[in-house]
Amino acid sequence: MGVINSLKCNLGAWIRRIFKKKRAKIGLYGPPNAGKTTLANRIVHDWSDGGSLGTVSSIPHETRRAVRREGVIINGNGSSIELDIVDTPGMATKIDFMEFMAYGMSEEEAKKRAKEATEGVIEAIKWLDDLDGVLLVMDATEDPYTQVNVTVIGNMEARGLPLLIVANKIDLPESSPARIKAAFPQHNMVTISALEGSNIDELYQAIAANFG
Amino acid sequence: MDLISGEKLEKMTSMEKIRLILDKVKTGRIVVLESGLSPDEEVRLIEMTMTEIRVDEFSGIEIESYPTKKGGSFFDKLLGKAGKGRMTVIGPANQLRTIEKDQYQISTKVSVGD
């Protein structure tokens, strides 16, 4: 990123913060199978006219196209914010069709999914240039030091944009949100189960506080 | 394995770094960058990797770096230079596997002759 672009980017972020923008475009980012679409569906269910942003599956890269829902108004702590929610495909540094065949897909289906998944990662990256903030969804049962997490956090820090870490899947006994907090102590974190809705009100308050 | 000095990296443009890394990794080499990549370069490397994935030929990269160090002066932050790149290891996804990683140490396993 050039110095002028970087300067514009960071000044823009500071000005948005100073004037407390009340409408923001927020991307849900994270590795595949972290629960991004489950969370996006829950937000839309709770604060919009229902429906869903996408289907959920245990097979990685189920979401292979970014989906945006406009005008989701979230209230929390006495303030409200209008969000455009963007559910992005899972980010990865490698995609092997053999991984999909292990889930019972035919070779042809697996290769098609792999190709679409690579396009999805590119789409997720392109969206980074057009967002006001990020909800970084992490699977609390997994090691948080993945390159996807490190790269997304590094990019948001460099752009001076707000980031909220969502430690998901706390309904699972092996989850360890403390491990995530220890890895990225400089960022706000909320622990939730998007599937069961645990702590979801706390998340909405944090969204209003961080992006409002 | 190629260890690339920070001095060499400083003289290269972002695109030159990404091309150098991918060309080496696609031929099975492990690349260690002394001073790493900027966050923007990291994300562009992932983007470029996705465009070069081919079934049965190249399934992507394994890339490991430490979280960026916070800090820097007011002007560093203003110019987006607060997070300086740290040592980074990159290799073919089918040959380099991360065993363990924390803020201070990266342990990887390298398969030879795959």
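What share of the 212 residues in chain A is made up of buried residues? In this predicted model, buried residues account for 46% of the 212 residues of chain A, and that value is a useful starting point for a walk through the chain, from its outline to its sheet, and from the sheet to the residues inside.

The outline of chain A can be described in two ways. Taken along the principal axes, the C-alpha atoms of chain A fill a box of roughly 55 × 40 × 35 Å. A compact globule with 212 residues would have a radius of gyration near 17 Å, and because chain A has 17 Å, the value agrees with that expectation. The contacts add to this picture: when one considers the contacts in chain A between residues at least 6 apart in sequence, 72% of them join residues at least 24 apart.

Chain A is built from seven helices and six strands, and a reader who follows the sequence meets them in the pattern α-β-α-β-β-α-α-β-α-β-α-β-α. In chain A, six strands form an open sheet with mixed pairing, and their order across the sheet is 2-3-1-4-5-6. Strand 2 (67-76) and strand 6 (189-191) of chain A stand at the edges with a single partner strand each, so one side of each is left without a neighbour in the sheet. From one strand to the next, the twist averages 25°.

One of these edges can be followed in detail. Strand 5 of chain A, which covers residues 163-168, pairs with strand 6 of chain A in the parallel sense over three bridges, and within this pairing I165(A) has M189(A), in strand 6 of chain A, as its bridge partner. Helices then pack on the sheet. Helix 5 of chain A (residues 147-159) touches strand 1 (23-29), strand 4 (133-139) and strand 5 of chain A, and its direction makes about 160° with that of strand 4 of chain A. Helix 7 of chain A (residues 200-211) also packs on the sheet, touching strand 1, strand 2, strand 3 (79-87), strand 4, strand 5 and strand 6 of chain A, while its direction makes about 100° with that of strand 2 of chain A.

Single residues show what this packing looks like from within. Is L163(A), with 22 C-beta neighbours inside 10 Å, buried or exposed? L163(A), which lies in strand 5 of chain A, counts as buried because it has 22 C-beta neighbours inside 10 Å, where 20 or more are required. Leaving aside its neighbours within four places in sequence, L163(A) is in contact with G133(A), V134(A), L136(A), I153(A), M156(A) and H187(A). L163(A) and I207(A) are 44 residues apart in sequence, and from C-alpha to C-alpha they are 9.6 Å apart in space.

The largest nonpolar core has 72 residues, and those with the most contacts inside it are V134(A), L136(A), V137(A), M138(A), I165(A) and V166(A). Helix 4 of chain A (residues 107-127) gives the most to this core, contributing six residues. For V166(A), the contacts beyond four places in sequence include L39(A), L136(A), V190(A), I192(A) and L203(A).

Chain B can be read in a similar order. Of its 114 residues, 33% count as buried, and among the contacts in chain B with a separation of 6 or more, 64% come from residues 24 or more positions apart. Chain B has four helices and six strands, and from the N terminus on they run β-α-α-β-α-β-α-β-β-β.

Strand 4 of chain B (residues 88-92) is mostly covered, since five of its five residues are buried. Strand 2 of chain B (residues 31-33) runs antiparallel to strand 4 of chain B and is joined to it by three bridges, with L33(B) and T88(B) as bridge partners. Strand 3 of chain B (residues 61-65) is also antiparallel to strand 4 of chain B, and five bridges join them; here I61(B) has P92(B) as its bridge partner.

Further along, five bridges join strand 5 (residues 96-101) of chain B to strand 6 (residues 106-110) of chain B, and these strands run antiparallel. R97(B) stands opposite K109(B), which belongs to strand 6 of chain B, and a hairpin of four residues joins strand 5 to strand 6 of chain B.

Note on methods: Residues numbered from 1 in each chain as written. Chains lettered and ligands numbered in written order. Predicted model: local features only at pLDDT ≥ 70, side-chain atom pairs only at ≥ 80, totals over all residues. Core = buried A, V, L, I, M, F, W, Y, C linked by C-beta atoms within 7 Å. Buried ≥ 20, exposed ≤ 12 C-beta atoms within 10 Å, placed from the backbone. Helix = DSSP H or I, 4+ residues; strand = E, 2+ residues; numbered from the N terminus. Contact = placed C-beta atoms within 7 Å. Rg over C-alpha atoms; globule rule 2.2 N^0.38 Å. Pairing = 2+ DSSP bridges. Axes fitted to C-alpha atoms, helices over the stretch in contact; angles between N-to-C directions.
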